[in-house]
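Colleague: Could you take me through one part of this model up close? I'd like to see how the middle of the fold is put together.

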Amino acid sequence: MTQNTNGQTLVFSYDYKPGSEFETIAHLQPGTTIQLLRTVDGETVSEISQPDEYTGHVIRYESSGEALEPTTILFVREGRISTGESASLDTDASMFSSRLNLLATTVEQ
């Protein structure tokens, strides 16, 4: 079951496919999520003061053909998407952290 994801969703800009459906494959361990959101070259990123407020999700965009789309990561603050659930990313996004190359958007269900 998908929990409320009205919080912020972060996705790497090179993996952002607005409007494309994806499936949640797995969740990252909290320590891995914190590490990915906390530092660049060992330095703390100021945009994220509480990385433990985010849940890391491993997702795969659904393909219209037989080829598998790449697997990537997105982060949801104040929410979680259950494994096996499908959703899509909103077509509206803004730069969240240029140092981490993350965009802020929302999840559409």
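Modeller: Let's look at one strand and the core it feeds into.

First, some ground rules: this is a predicted model, where local features need pLDDT of at least 70, side-chain atom pairs count only at pLDDT 80 or more, and totals for chains, interfaces and linings use all residues. Residues are numbered from 1 along each chain as its sequence is written, and side-chain values use heavy atoms, with hydrogens and water left out.

The chain has 10 strands and 1 helix (DSSP runs, E of at least two residues for strands, H or I of at least four for helices, numbered from the N terminus). Zoom in on β5, where 7 of the 8 residues are buried (under 20% relative accessible area, 1.4 Å probe, protein chains only). On one side, β5 pairs antiparallel with β6, residues 71-77, over 7 bridges (pairing takes at least two DSSP bridges); there, Y54 sits opposite R77. β5 also runs antiparallel to β2, residues 21-27, through 5 bridges, with A26 facing V58.

Now the core: the largest nonpolar one (buried Ala, Val, Leu, Ile, Met, Phe, Trp, Tyr and Cys joined through side-chain atoms within 4.5 Å) has 14 residues. Y54 is among those with the most contacts inside it, as are L10, L37 and I48. β1, β5 and β9 each give two or more residues to this core. A second, separate core of 12 residues includes V11, F22, L89 and L103.

Back in the largest core, I48 touches Y54, L10, L37, F96 and L100 (heavy atoms within 4.5 Å), leaving out residues up to four places away in sequence.

Conventions. Buried < 20%, exposed > 50% of the residue type's maximum accessible area, 1.4 Å probe, protein only.
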